[in-house]
Every structure is written in structure tokens, then in C-alpha cells.
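This report goes through selected features of a structure with two chains, from helices to contacts to local backbone geometry. Please keep the sequence and the 3D view open while reading.

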Amino acid sequence: MKIRKRLKKAGWITFFVTPGILIVFVFILLPLFMSLFNSLFSWNQLIRHDFVGIDNFKRLFTAYPYQQRFSNALGNNARWFAVTMLVQNLMGLLFGYVLSRKIAGSQIYRRIFFIPVLFSIAAVGFLWGLYLRPNGLVNALLQLIGLGKYASAWLGNAGTATYAIILVNIWRWVGFPSLVFLTAINNVPSECTEAAYLDGANEWQMFKRIVFPLIVPSVTIITVLTVIGSLNVFEQVYTMAGLDGAPNYATDTIGTLFYRTAFGSVDSGAPEIGIGSAVAVVIYLMTFSISLLSIMITKSKEVEM
Amino acid sequence: MNTMRFRFASFGKRIFIVLMQLVMISYVILIIYPLFSMIISSFKSTRDIMRFPFSLPSGFDFSNYVSVWVDKGFSVYFLNSLYYTVASMVFVVMFGSMAAFGISRYAFKGNTMLYMLFLSGIMLPLKAAVIPLFQIVKGFGIMDNPLSVIFVFIAMGIPSTVFILSGFMKTIPAALEQAARIDGASELRIYSQIVMPICMPSVALVVIYNAVPIWNEFFFPLVFLQSDRLKTLPVGLSSFIGQHSTKWELLFTGLSMAIVPMLIMYLFMSKYFIKGMTAGAVK
């Protein structure tokens, strides 16, 4: 009787869990192992050849043109992370804090700040791509306010292109950290802020000593999401600079480089599954280790309530 | 009392409030104006867009919209996006909630491991897996077939669904289902008629959390669907922009067509969108 009951329970668990686990396994976990496997072989287009060990990784890190392209792209991903953390997440922190203090109009502001978060990266990228053209809206505005001499081919100039694309992405996404921080700040117990307020703390002291230490868990989440997002950049560059990371690879990222290696190509014009899989493995490892690192760093700063 | 009301504020605080209002209003303009400009530009000629970028259109002629919607295939792209999003969301909710139910409502060995297995799907960058996914999709013979992206979308949605729903299901008191069990209800009935109805608010969050990124997804439809008649709105927009790069009024019409429907939906349900999109990041 007891065994029958347990078997029945096991049957039900299997019934409920299997469809989900099957799909996650086939389309998320299996590809992870296949990437690892593929990266250890030499490939001729889509045909697998010999086992070559870590040869693909060696070529990626040492041989021309892979090494140059790879470190260039990685540098740009680092730029994405640094600028996004500094500009977008600090703005988000400021917006979240000010909105939480119920400044007049805060209900409308928070709704408006979130609007671009809903749009596809592709649409936002193409829209701003138009505005950033030499004869586009941005330069027209500079001329209108008498700063015409600063007008520039924002996306055609190697010095500005990556930053222009990053800023467009921040335009789209800053509402997200703002509202995550807003929710977190609203969850700070009001006794804490009331007490500080009665002690005569000013806004900066209030933020630094009371609010920020209590919202570190949200800072962790936003940091990890920024790590993942920065390593995943693709659509933004594809829509505003093209697959080659024009001009002259100035906007190239791991995502676009990976796409070119996987589907043709960096070196010979044909898909290179071996090197491409090596790039994928590096992306997996970096996402995992950097996320873990930022969790550890911010976890150590968390305060128990 | 402890808020930033101008009337009761000290002098220093008043300066801070005015400064912050300026920042907020500037940012509102920075968000609204580009969208406004996009819409008015779709009613202007290319020449007027370049020569008088800040002027209003002389009239509202919707022939560009008709041409983009009918002749340029946006109606097809739109319906494709709708079809792929709805089809994948049905299975995301179904399989995701079933798995969440299995994990959170039964105690068994390997329970935590199973949960972690689902969670790993949130952290892994799926784009990096495109080569093996390409091989798998080819192996199933569903290249250039809607099923390819629908499967990938379902896989994208399940981990976060399990995470959000099992978190909620754990808070439902066990007494509810014990009572039903004593009355002889089957496990399937407990899931579908007792637990799921209670979960509906969380299911709504899950739907928004996943449907918006799926609707907007660019990468996988770009890789797996080559036929023009199968393309989604973002990918269709991309090829449209490539073909008409000098006709600015057409470009702005296409962009408006891709962006404005979402904007209108947001105007009516902004509260749910904000709550849904941030569901994975706030407790």
C-alpha cells in the first residue's frame, strides 16, 4: 500500500516536471555541453573532423586575426560594462531615490522613464541610427542651439561610435534599474528613514548611511544583470554599426565577432564552428565567473535587517 | 511627512528639489521627443525631414502607413510575431507552472537539484549556444519553420517562470490541497483547479515578464527564419530598413509601426508592465 502510494507520487512528480525539464535540457543545457564538445574538434564548414584538444582556444588567444579581433571585441564589452555601470546604474540609483522621496510628479515620471524598456532593441537601434546620421536629428539640434561645430558623424567616427551606441542602449534601459531601485528603496522600513530624518540627516547622509546599505541586494541583482547584458551585446551593434562592428571594428563586440565566426567569417569567409565554439565557451565561462564574483563582492557588503 | 514637499522644505532642500525637478523634466523630454519626432517625421517628406527637422508636418497623410502595412509586409510580420509569442507563451505558462507545482508542492529527493537545473537556465547566455542550437534545429528538420523559434522561446521562458511561480506556490498553505486530497481530488485537479487559480496574479506577471522580450526578440528569428513570409516584426523591420535606407519618411513609418502598438498597450497597462518586467529583479 505504502509502496503503491509512493510510486503514484513519483509518477505525478514525473508528469509535472518532465515537459519543462525536457525542453530546458534540449535547448539550454545540451547546447552548453555541445559547445564544449564542438570546441575540441577541427571543422570543415559544418562537418566535424579530428579531435584537436585545446587547439581552437590556442588559435583564438594567439593566432592572427583571431587574437586581435578577440581582444578588441572584449575591450569593447568591458567598455559597455564600465559605461553602463557608471552612467546607467548611477542614473537609475538617482532616479530611484528621487522618485522614492515622492517629489511632485513622481507617479508620472516613473511611468515615462519605463516607456523605452518595452521597445525592441532593434527598433530603438534603427531609430537612433537615423537620428545619429550626419544629417540626422542630433546634429540638427546641435546646430539649432549654436553648437554646430560639435556636429559629427557619431556612428562613423571610431572615437565616438561605441559610446554613442552604449548611450542609446542606456536611453532604452535606464528605466529598468530606476524602478528596481525605487521598489527596493520603498521597501526600506520607514522607522529607519524617520529616525534619520528626526536626527537632522540631510539627503546625502540619508542616502549614503541609511538607504544604500539596505538596498545592496538590488545593487547585486542590477550588477549581475549588467554583466550578463554587457557580454550579450549584439542587436545594438548589429542595428547601428553592422555585423563587422564598423568603422574598422571600433564597435565590434564578442556577440558580433561570435556571429561572424559562427556563420562566416573572420578569416576565410566560411563558418568556423571550432573557433566559434571556443568563443562560446569563453562567453559561458566569463558570464559565470564574473557574475559569481560580483555576487561575492556585493554580498560581503550586505546588511542584515 | 518625510518626503520632498517644496512647501515644508528648508532652503537647501528647496534648491535640491528644484534641481531634481529640472533633471526629471529634461529626462522626460529626452524620452518623449525622439518618439514624437519619429511619429511626425512619418508624415513629412524626406526633404522636409532633413531641411526642417523640428517643423510639424503640413498634413496627416496615412498613405505611407497603408503602404508599409500592406505592400511592405508589416501585416505579415505583425501576425507572425503575434503567433510565435502567443504559441510559445501558452507552453511557457503550462510547462513552467507544472514544473513549479511539481517542485514546490512535493517533498522528494533531488528536489533542490531539479530546481537548480531550471535556475541555471536563467544565468546561461542562450545566444552563445547558437551553433549547437543550429545543429539541433537542423537535426529536427525545423529550419526556416516557426517551430524552431517557438521551441527556443519556450526554453527561454521556462526557467524564470519556474523561479517566479514556485516562489509564489511555496506561500500557499498546504492545508488547502490536503483537504482536497481527502475529498478524493486527483493531483491534476489540485494543480489546475486549486493551486493555479490562486496563482493567477503571478501568472500575469510571468506572462508580461516573458512575452515582452519574446515579442521583441531579434537574434533567434534572424538566425532560424529566412523566408520573408515567416519573419517577425523586429527582423522584418531590419530588412525593410536595409531596403529603403534613403526614404526617410518610409523608415520613420516602419519604426512607428513597430513601436507605437507597444506604446499604446503600455499607456493602458503601465502598472502591470512595470510590475511584470521587474518581477525577476525585485522581491
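How many residues does helix α1 of chain B have, and what distance does the helix reach from its first C-alpha to its last? The helix covers residues 11-41, which makes 31 residues, and reaches 44 Å, close to the 45 Å expected at 1.5 Å a residue. The model is predicted, and the values below are computed from it.

**Two helices of chain B**

Although its span is close to the expected one, α1(B) bends by about 25° at Ile32(B). A proline, Pro34(B), follows within four residues of that bend.

Helix α12 of chain B, residues 248-277, gives another picture. The helix has 30 residues, but its end C-alpha atoms are only 32 Å apart. A straight helix would reach 44 Å at 1.5 Å a residue. Where does α12(B) bend? The bend is at Met269(B) and amounts to about 100°.

The buried residues of α1(B) are Met20(B), Met24(B), Ser37(B), Met38(B) and Ser41(B). An α-helix has 3.6 residues a turn, so residues three or four places apart point the same way. Which elements cover the buried residues of α1(B)? The cover includes α3 (66-100), α4 (106-113), α5 (121-131) and α6 (137-144) of chain A. It also includes α2 (46-51) and α12 of chain B. Parts of both chains are therefore found around the buried residues of α1(B).

**Where the chains and domains meet**

In total, 74 residues of chain A are in contact with 74 residues of chain B. On the side of chain A that touches chain B, helix α1 of chain A (residues 2-38) gives the most, with 19 residues. The residues of that side divide into 52 nonpolar, 15 polar and seven charged.

Within chain A, there is a division into domain 1 (2-38) and domain 2 (63-299). Their C-alpha centres lie 35 Å apart. How many residues of domain 1 of chain A are in contact with domain 2 of chain A? Four residues of domain 1 are in contact with six residues of domain 2. On the domain 1 side, these residues divide into two nonpolar, two polar and no charged.

**A hairpin in chain A**

Strand β1 (residues 41-44) of chain A is joined by three bridges to β2(A), and the two strands run antiparallel. One of the bridge pairs is Phe41(A) with Phe51(A) in β2(A). The hairpin has two residues between the strands, and Gln45(A) takes a positive phi near 55° there. Is strand β2 of chain A, residues 47-51, largely buried or in the open? Of its five residues, the number buried is zero, so the strand lies largely in the open.

**Two residues of chain B**

Tyr77(B) lies in helix α4 (residues 74-105) of chain B. Tyr77(B) counts as buried because it has 27 C-beta neighbours inside 10 Å, and the cut-off for a buried residue is 20 or more. Leu230(B) is 153 residues away along the chain, yet its C-alpha atom is separated from that of Tyr77(B) by 7.2 Å. Leaving aside residues up to four places away in sequence, Tyr77(B) touches Lys231(B), Thr232(B), Leu233(B) and Gly236(B).

Gly280(B) is in the segment after α12 of chain B. With 18 other C-beta atoms within 10 Å, Gly280(B) is partly exposed. Gly280(B) and Asp228(B) are 52 residues apart in sequence and 34 Å apart in space, C-alpha to C-alpha. With residues up to four places away in sequence not counted, Gly280(B) touches Ser160(B), Ile164(B) and Tyr209(B).

**Backbone details in loops**

Two cis peptide bonds of chain A and two positive phi angles are listed here.

| Residue or bond | Angle | Place |
|---|---|---|
| Tyr64(A) to Pro65(A), cis | omega near -5° | Pro65(A): loop between α2 (55-62) and α3 of chain A |
| Ala246(A) to Pro247(A), cis | omega about -5° | Pro247(A): loop between α12 (235-240) and α13 (254-263) of chain A |
| Asn248(A) | phi near 45° | loop between α12 and α13 of chain A |
| Asp144(B) | phi near 55° | loop between α6 (130-139) and α7 (146-169) of chain B |

Asn248(A) is exposed, with 11 other C-beta atoms within 10 Å. Asp144(B) also counts as exposed, with 11 C-beta neighbours inside 10 Å.

How values were computed. Residues are numbered from 1 along each chain as its sequence is written. Chains are lettered from A and ligands numbered from 1 in the order in which they are written. This is a predicted model: local features need pLDDT of at least 70, side-chain atom pairs count only at pLDDT 80 or more; totals for chains, interfaces and linings use all residues. The expected span of a helix is 1.5 Å times one less than its number of residues. The bend at a residue is the angle between axes fitted to the seven residues ending there and the seven starting there. Two residues are in contact if their C-beta atoms, placed from the backbone, lie within 7 Å. Ala, Val, Leu, Ile, Met, Phe, Trp, Tyr, Cys and Pro count as nonpolar, Asp, Glu, Lys and Arg as charged, and the others, Gly among them, as polar. A residue is buried if 20 or more other C-beta atoms lie within 10 Å of its own, exposed if 12 or fewer, and partly exposed in between; C-beta atoms are placed from the backbone. Domain bounds come from an automatic or database domain assignment. Two strands pair if DSSP finds at least two bridges between them.
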